[in-house]
Amino acid sequence: MSLNNQNDDNMSIEEEDLNNIQQQNTTTSSSIVQMDGSDDVQDEDGFFPDDFAPEQHEDEEGTTPSIYTYEFHQESIFKTTAFSKRNTASNSTNIVSFYASQDDSASVLVYSLTSYQPLYQQQLKGFHDDSVVDVKLNFDGTLLASAGMDGTIGIYDVGKFQKEDLDYSVYNTEGQEQQEGNPPEALVNHKVQLSGPEGEIEWIQWHPKGNALLSASADATCWLWNVKKMNCMSVLAGHSDSISCGGFTADGKLVITGSVDATVRVWHPMQGNSIHTFEGDLFSQKDPIISMYIRQDDSKVVFVGNAAGELITCGIFDSPRVLQKYSGHTESIESIDYSEQVSHIIVTGSMDKTVGVWDDRINKMRLKLQCSEGVIKVKCSQRGPYVYSCGMDREVKIWDLRNGKCLDRFVGHSEGVLDFALVNNEEQLVSASDDGTSRIFETNLDLHQD
């Protein structure tokens, strides 16, 4: 493990959130518990008709172009994360977005929703020797982490973006004319480079309550980092192949990981030991685990998607067990989300070109929403019974979960859309595409709400 420390001031971590983990006995095999389900289950939300259709196709009516195209990167943009911030200095609401790119760099864009002009952009380069595959903000938005295929993680101080009176005009913006004299400092400062895993980093996630960072890599290990002390607190070793998905439970006390080895493991992160393994014929047989959604409440339920298109519900209880297996997709499930607006609804995106809408009361698919190419990501709305999707058809779509209608298509990319972020109470979305650009769209969500 090597650490390159650059200006390590003002970092903090609440380690007690990881130290309060309760001891549990290690168990190994899984059992499946069939949940009682019936087509007669009452729809207390009133969102679904009694004779719901098993499949709905997209409505081709209506497309929305972007309001801005970010063309800073030369190669694919894999991931984006973003937030909106009211700024008193410019008297505007700004979108602050970060990107991970195949061109070995990350970047930041600040875009004004008042002037409809970019206020600031900065490329974060020279810290990775291979593609940057992920970027994530910590719990309070003051630190950014970038993950590289070179096996390293960059940590950056981005706390200045949280200031409401930040005057962007006095800062150096790459790609624009420099001020006379010495150029002012950049807004994003590289703090530290973490290295240790032998394989490329697959994904990263911050602890929900502190500055601890989890990274998963192709060498079948997960590393838990203390960002303040710039060291590794534990290495989670037990998988036999690349770790494709995972994260912290809502309370931050456990880590759950899914692997290409067709297993899901539950871990004590500080102690570094696996306390349960979901595996075998009753779980995923030999099909690699591709995606995961950990419910961010006290339900202790995890949804897992595999390469065969199966959706598996697991309970992380005192005696962890498989709760249900769903079949409906014909290819891998790439993304999973759970609706907070429509009770009991799980949404999946698959490479079989469909978005699946599942009801965990009747243990079956309610709707199958048809796209023209594979679906990479789904994200449920926080404002109503809607879900967003993106994929290889070069679009982001918004769907009505009640009837399967495609309400809008956000277009303009020339290659697949790999990721998107919702900002400003979902009034805008920020995309990331294989064509090397990001686009900002107005969602016009108010027009679709009842």
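Modeller: Let us begin with a cut-off: a residue is called buried when its relative accessible area is under 20%, exposed when it is over 50%, and partly exposed in between. Please keep in mind that this is a predicted model.

Colleague: Thank you! Then why is Phe278 called buried?

Modeller: The relative accessibility of Phe278 is 0%. Buried asks for under 20%, so Phe278 counts as buried.

Colleague: And what makes Phe283 count as buried?

Modeller: Phe283 also has a relative accessibility of 0%. That value is under the 20% limit, so the word buried applies to Phe283.

Colleague: What makes Phe278 and Phe283 an aromatic pair?

Modeller: A pair of aromatic rings is described by how far apart the centres are and by the angle of the planes. For Phe278 and Phe283 the distance is 5.7 Å centre to centre, and rings pair if their centres lie within 6.5 Å. The planes of Phe278 and Phe283 make an angle of 35°. Stacked needs under 30 degrees and edge-to-face over 60, so this pair is tilted. A search of the whole structure finds 14 aromatic pairs.

Colleague: Why is the pair of Tyr388 and Phe420 called tilted?

Modeller: The ring centres of Tyr388 and Phe420 are 6.2 Å apart, and the planes stand at 50°. The distance is within 6.5 Å and the angle is neither under 30 nor over 60 degrees, so this pair is tilted as well.

Colleague: How do you know that this pair links distant parts of the chain?

Modeller: Tyr388 sits in strand β30 and Phe420 in strand β33, with the two residues 32 apart along the chain. Tyr388 and Phe420 are both buried.

Colleague: What lies over the face of Phe420?

Modeller: Lys377 does, at 4.8 Å from the ring centre. The limit for a charge over a ring is 6 Å, so that distance fits. For aromatic residues elsewhere, Phe98, Tyr120, Phe161 and Tyr168 form one aromatic cluster.

Colleague: What makes β33 mostly covered?

Modeller: Six of the seven residues in β33 are buried.

Colleague: How do you know that β33 and strand β34 pair?

Modeller: Six bridges join β33 to β34 (residues 428-433), in the antiparallel sense. Pairing requires at least two bridges, so the two strands qualify. One example of facing residues is Ala421, which stands opposite Val430 in β34. β33 and β34 form a hairpin with four residues between them, and Asn424 in the turn has a positive phi of about 55°.

Colleague: What makes a positive phi worth pointing out?

Modeller: Most residues other than glycine have a negative phi. Gln285, which is not glycine, has a positive phi near 50°, and Gln285 lies in the loop between β20 (273-278) and β21. Asn444 is another case, with a positive phi of about 55°, in the loop between β35 (438-442) and α2 (445-448).

Colleague: Why is Gln285 called partly exposed?

Modeller: Its relative accessible area is 45%. This is neither under 20% nor over 50%, so Gln285 is partly exposed. Asn444, at 33% relative accessibility, falls between those limits too, so Asn444 counts as partly exposed.

Colleague: And why does Ser195 count as buried?

Modeller: The relative accessibility of Ser195 is 13%, under 20%, so Ser195 counts as buried. Ser195 belongs to strand β12 (residues 189-195). The C-alpha atoms of Ser195 and Gly151 are separated by 6.3 Å, with their positions 44 residues apart along the chain.

Colleague: Let us turn to the spaces. What volume does the largest pocket have?

Modeller: About 2000 Å³. The pocket is lined by 47 residues, and the closest to its centre are Lys79, Asp134, Lys136, Lys377 and Asp419. Strand β17 gives the largest share of the lining, six residues. The lining holds 26 nonpolar, twelve polar and nine charged residues.

Colleague: What volume does the largest cavity have?

Modeller: About 40 Å³. The search of the whole structure finds one cavity of 30 Å³ or more. Its lining includes Cys371, Glu373, Ser389 and Lys397. The largest share, three residues, comes from strand β30 (residues 386-391). The lining of this cavity divides into three nonpolar, three polar and four charged residues.

How values were computed:
Residues numbered from 1 in each chain as written. Predicted model: local features only at pLDDT ≥ 70, side-chain atom pairs only at ≥ 80, totals over all residues. Heavy atoms only, no water. 1 Å grid on protein atoms, 1.4 Å probe; cavity = no way out; pocket = protein on both sides within 12 Å on 5 of 7 lines; lining within 4 Å. Points joined across faces, edges and corners; volume = space filled by probe spheres on them. Nonpolar A, V, L, I, M, F, W, Y, C, P; charged D, E, K, R; others polar. Phe/Tyr/Trp six-rings, centres within 6.5 Å; stacked < 30°, edge-to-face > 60°. Buried < 20%, exposed > 50% of the residue type's maximum accessible area, 1.4 Å probe, protein only. Lys NZ or Arg CZ within 6 Å of the ring centre and 35° of its normal.
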